[in-house]
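Ready for a few exercises on reading a protein model? Try each task yourself before you look at the solution.

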Amino acid sequence: MGIMKIFCSRANPTTGSVEWVEEDEHYDYHQEIARSSYADMLHDKDRNVKYYQGIRAAVSRVKDRGQKALVLDIGTGTGLLSMMAVTAGADFCYAIEVFKPMADAAVKIVEENGFSDKIKVINKHSTEVTVGPEGDMPCRANILVTELFDTELIGEGALPSYEHAHRHLVEENCEAVPHRATVYAQLVESRRMWSWNKLFPIRVQTSLGEQVIVPPMDLERCPGAPSVCDIQLNQVSPAEFTVLSDVLPIFSVDFSKQVSSSAACHSRQFEPLASGRAQVVLSWWDIEMDPEGKIKCTMAPFWAHSDPEEMQWRDHWMQCVYFLPQEEPVVQGSALCLVAHHDDYCIWYSLQRTSPGNNERVREMRPVCDCQAHLLWNRPRFGEINDQDRTDRYVQALRTVLKPDSVCLCVSDGSLMSMLAHHLGAEQVFTIESSAASHKLMRKIFKANHLEDKINIIEKRPELLTNEDLKGRKVSLLLGEPFFTTSLLPWHNLYFWYVRTTVDQHLGPGAAVMPQAASLHAVVVEFRDLWRIRSPCGDCEGFDVHIMDDMIKRALDFRESREAEPHPLWEYPCRSLSEPWQILAFDFQQLVPLQPLRAEGIVELQRPGQSHAAVLWMEYHLTPENMLSTGLLEPVDPEGVCCWNPHCKQAVYFFSPAPDPRVPLSGPQTVSYVVEFHPDTGDIAMEFRLEDTQLTAPGQ
């Protein structure tokens, strides 16, 4: 049977058009595997060792009672935990994996390691598994092994899966590995983190004095986006938050007993350690693999870790940042209650004043954004808009291009640029908001600032713009940040260039465009830890998992997956091994060219180290003197330490195969590159080669 082809509709973020692309039927599988955290989990030595210890202990407890050890492993992935169980003496394992390519890989891995007679891989969701003479399992298991957790603990549906397993698949009072999980929280005040959730007043210095852009009441009152914000909390400097409470154990789940997925709330009374504004709850969890709590695996950040030296880096489990619905003043020593609410998949927090006789807690609904802003702007975008230094840079640049009779057209999604232009004295300002959500939000913000009659919002796609929309005027200044909500990779905001080209007929003679130009830059780096997500595992706790490595490699070699991926590098420390260099330049004063732009060259590495990746970003030349970078914010220091823009994701192109940290480096290295911008599709195709290692990535 030949390979089927399927058609996928894909919005091209750069050109703004929707295209139909023919794909191999396994396209989604490859995407899923290439972007999964399987490799990262297999590299998590701490997780693997603790699971193995916990499984050995559980099997021996069952054996000591003179019973057969029958294991149910939900979400088996590679089959690793099942193989550990059989090696520890389990009589039989039922390994459940719902994702078909993964289940197929598990079957092969189990066979390769010689466990096929003791492990049955079941490709189903655990809630569809049947027990009985004709079922998937002849009888219930007496050991439940699972790894169903995400950064929030319950976000992957751990509670409903456990609830069902206890009802239908395992014996009462079974052994469970892990045995227990506990969620911890700490209340803090942090201007930086709060800036990811609320719009702050923004100051604009004008010739008439200071103007302040204020947020609408709707935004002030809105509880924010309901989803958790998961980050590498260890990369947030303790100087950026004030601790208001001790680390509080919030709730525990005992996995060896019936688990409920019903909504619940848990409250912890505490006395604030300092006075301040309660804004943010930092949270993480730990799991105890055994009933005595001797084998523990924790996600605690370094300041709350029992042994910071022994900390395991992970990307599959990070830490959580939750925003309180409103900031509230707290007074040192004056008791309060921190309340954690959860449903079957999500956790959220509120702060309550405790008063005697008032223990009736209102069952709170999960907070949901009702102001539009959190639907349109993600957290880094809030941080970017709130960055006063960045605003000042735009104001400086605007001052040099604005004239009293300027007619401005702003092109960016949900941007405050139009307000800056108005405050700095433009005669007329139009702004294009092509989505209903951004249109609604900007109307609200203009109204709160009494500008609804001063700035004209045009709700349509730029290519449909007419002379009537512009009230018969010609545009003398075209403005963009540029920022578009559809952009995933740094160069997707080149959509601005396509818009500039499509609206060319509306520009007056000698019209200015800001930014005037953009450039694509790169640097070769060695990651402290991020390389693990792309590094083959080979052997994991004595089990051969190379089949998984091969599967990830095949997925990465698949067309779309052989590309740069977006990562917020402020969370992932690295050293630069080369000097940064400019690859391509884009002149927004000209129309998008008909011919491709191509650059190739060879870069010498200046510092010794493992070359893990090339990192790419954009720089925008607002005016000849004023430049904004979405990547490196300052020159690399002599040691190669990099300072990245905290509001943007940079593009990371991992070298493949990943360098082996055990192999010593021989002499100076070079990286050759070919990068091509295709104007017809807006794609940037790239190929980077480390020494003589062939690395290809057609099609960006």
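**Exercise 1. Find how many bridges join β31 to β35, and say which way the two strands run.**

Solution. Step one: strand β35 covers residues 670-678, and 8 bridges join β31 to β35. Step two: the two strands run antiparallel. Step three: pick one pair to check, I602, whose bridge partner in β35 is S672.

Some ground rules before you go on. This is a predicted model, in which local features need pLDDT of at least 70 and side-chain atom pairs count only at pLDDT 80 or more, while totals for chains, interfaces and linings use all residues. Residues are numbered from 1 along each chain as its sequence is written, and side-chain values use heavy atoms, with hydrogens and water left out. Helices (H or I, at least four residues) and strands (E, at least two) are DSSP runs, numbered from the N terminus. Two strands pair if DSSP finds at least two bridges between them.

**Exercise 2. Work out the strand order of the open sheet that holds β31, and name its edge strands.**

Solution. Start with the order: 3 strands make up this open sheet, β31-β35-β36, with antiparallel pairing. Next, look for strands that pair on one side only; these edge strands are β31 (597-604) and β36 (683-690). Finally, the twist: neighbouring strands here are turned by 10 degrees against each other on average, direction ignored. For angles like this, axes are lines fitted to C-alpha atoms (for helices, over the stretch in contact), and the values run from 0 to 180 degrees between N-to-C directions.

**Exercise 3. Describe the open sheet of 5 strands and the helices that pack on it.**

Solution. First, the order is β22-β21-β20-β23-β24, and the pairing is parallel. Second, β22 and β24 each have a single partner strand, so they stand at the edges and one side of each is left without a neighbour in the sheet. Third, neighbouring strands are turned by 25 degrees against each other on average, direction ignored. Zoom in on one pair: strand β20 (residues 407-411) and β23 pair in the parallel sense over 3 bridges, and L409 has L478 as its bridge partner in β23. Now add the helices. Helix α11 (residues 388-401) touches β23 and β24, and its direction makes about 160 degrees with that of β24. Helix α14 (residues 495-502) touches β20, β23 and β24, at about 170 degrees to the direction of β24. Touching, or contact, means heavy atoms within 4.5 Å.

**Exercise 4. Describe how α3 and α4 pack.**

Solution. What do you need to give? Two packed helices are described by the angle between their axes and the distance between the axes. Helix α3 (residues 45-64) and helix α4 (residues 80-87) pack at about 40 degrees, with their axes 9 Å apart. That makes α3 oblique to α4: angles under 35 degrees count as roughly parallel, over 145 as roughly antiparallel, 65 to 115 as roughly perpendicular and the rest as oblique. On the α3 side, the contact is made by R47, N48, Y51, Y52, I55 and V59, and on the α4 side by L80, L81, M84, A85 and T87. Sort these residues and you get 8 nonpolar, 2 polar and 1 charged. The sorting rule is that Ala, Val, Leu, Ile, Met, Phe, Trp, Tyr, Cys and Pro count as nonpolar, Asp, Glu, Lys and Arg as charged, and the others, Gly among them, as polar.

**Exercise 5. Do the same for α5 and α15.**

Solution. Helix α5 (residues 100-112) and helix α15 (residues 546-557) pack at about 145 degrees, with their axes 9 Å apart. From α5, the contact uses P101, M102, A105, K108, I109 and E112; from α15, it uses H546, I547, M548 and M551. By class, that gives 7 nonpolar, 1 polar and 2 charged residues.

**Exercise 6. Locate the cis peptide bonds at P178 and P515.**

Solution. The bond from V177 to P178 is cis, with omega near 0 degrees, and P178 sits in the loop between β7 (170-177) and β8 (180-189). Another cis peptide bond joins M514 and P515, with omega about 0 degrees. P515 lies in the loop between β24 (507-514) and β25 (517-527).
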